[in-house]
Amino acid sequence: QVQLVESGGGLVLPGGSLRLSCAASGSFFSISAMRWYRQAPGKERELVAYIATSLTTNYADSVKGRFTISRDNIKNTVYLQMNELKPEDTAVYYCNADVRAYTSLVTDYWGQGTQVTVSS
């Protein structure tokens, strides 16, 4: 089966940086869109960044200019470089991917989440 495994979360001071990674493993044909979401305590999960196979990207207004999403299609990995972090960026971050099986069926997969805490 397909698994998405995130890493790179942690505790960082305001103004600091973190880089999240999410690697897909298992048996599949290809991965199309990849995304990062986040969910803060008491809030709904929100889309943070999106990257297509073509490398087209899109960002939530709250992170534009500070976060950068990228992907390595050989390693089946998506990254989120987070700079100028603010306390309001504190959340559990989840990666999400549209995975195409050899049967052509496309399934939506989620990682387990990684905690990012921005605090002094």
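**Entry 1: Tyr93 and the core**

I began with Tyr93 and listed what it touches beyond its neighbours within four places in sequence: Glu6, Leu20, Trp36, Tyr37, Arg38, Val48, Phe67, Leu80, Met82, Gly113, Thr114 and Val116. I note here that I am working on a predicted model.

I then looked up the largest nonpolar core, which has 31 residues, and found Tyr93 named with Trp36, Leu80 and Met82 as the members that touch the most other members. The elements that give two or more residues to this core are β3 (18-25), β4 (30-39), β5 (46-51), β7 (67-72), β8 (77-82), β9 (91-100) and β11 (114-118). Of these, β9 supplies the largest share, five residues. As background I wrote down that nonpolar side chains tend to be buried together in soluble globular proteins.

**Entry 2: Arg38**

Arg38 is among the contacts of Tyr93, and I followed it next. Is Arg38 buried or exposed? It has a relative accessible area of 5%, under the 20% cut-off, and therefore counts as buried. Arg38 lies in strand β4.

Leaving out residues up to four places away in sequence, I found Arg38 touching Glu44, Arg45, Glu46, Val48, Ser62, Val63, Phe67, Glu88, Asp89, Ala91, Val92 and Tyr93. Two entries in that list also meet the Arg38 side chain in polar contacts through their own side chains: Glu46 at 2.6 Å and Ser62 at 3.3 Å.

**Entry 3: salt bridges**

How many salt bridges does the structure hold? I found five. Opposite charges on side chains can pair when the charged atoms come close, and I went through several of the pairs with that in mind.

Arg38 forms a salt bridge with Glu46, whose closest N and O atoms are 2.6 Å apart. The two partners differ in burial, because Arg38 has a relative accessibility of 5% and counts as buried, whereas Glu46, at 33%, counts as partly exposed.

Arg38 also meets Asp89 in a salt bridge, at 2.9 Å from N to O. Arg38 belongs to strand β4 and Asp89 to the loop between β8 and β9, so this pair ties together parts that are 51 residues apart in sequence. Both Arg38 and Asp89 are buried.

Away from Arg38, I looked at Asp61 and Lys64, whose side chains form a salt bridge at 3.2 Å, N to O. Here Asp61 counts as exposed, at 66% relative accessibility, and Lys64 is partly exposed, with a relative accessible area of 49%.

**Entry 4: Arg66 and the network**

Which residues are linked in a network of salt bridges? I found Arg38, Glu46, Arg66 and Asp89, and that led me to look at Arg66 on its own.

Arg66 lies in the loop between β6 (57-59) and β7, and with a relative accessible area of 7% it is buried. Its side chain makes a polar contact of 2.8 Å with the side chain of Asp89, and the Arg66 side chain also reaches the backbone oxygen of Ser62, at 2.8 Å. Setting aside neighbours within four places in sequence, I listed Gln81, Met82, Asn83, Glu84, Leu85, Lys86 and Asp89 as contacts of Arg66; Met82 in that list is also one of the core members named in my first entry.

**Entry 5: the open sheet**

I turned last to the sheet that contains β7 and β8. Four strands form this open sheet in the order β1-β3-β8-β7, with antiparallel pairing. The edge strands, each pairing on one side only, are β1 (3-7) and β7. From one strand to the next, the twist averages 15°.

At one edge, β7 and β8 pair in the antiparallel sense over six bridges, and I noted that Arg71 has Val78 in β8 as its bridge partner. At the other edge, five bridges join β1 to β3, again antiparallel, and Ser7 stands opposite Ser21 in β3.

In a regular strand the side chains alternate between the two faces of the sheet. I checked β1 for this: Leu4 and Glu6 point to one face and are buried, while Gln3, Val5 and Ser7 point to the other face and are not buried. Glu6, on the buried face, is also one of the residues in contact with Tyr93, which returns me to the residue I started from.

Terms used:
Residues numbered from 1 in each chain as written. Predicted model: local features only at pLDDT ≥ 70, side-chain atom pairs only at ≥ 80, totals over all residues. Heavy atoms only, no water. Core = buried A, V, L, I, M, F, W, Y, C linked by side-chain atoms within 4.5 Å. Buried < 20%, exposed > 50% of the residue type's maximum accessible area, 1.4 Å probe, protein only. Contact = heavy atoms within 4.5 Å. Polar contact = N/O pair within 3.5 Å; in protein donor to acceptor, adjacent residues only side chain to side chain. Salt bridge = Lys/Arg side-chain N within 4 Å of Asp/Glu carboxyl O. Pairing = 2+ DSSP bridges. Axes fitted to C-alpha atoms, helices over the stretch in contact; angles between N-to-C directions.
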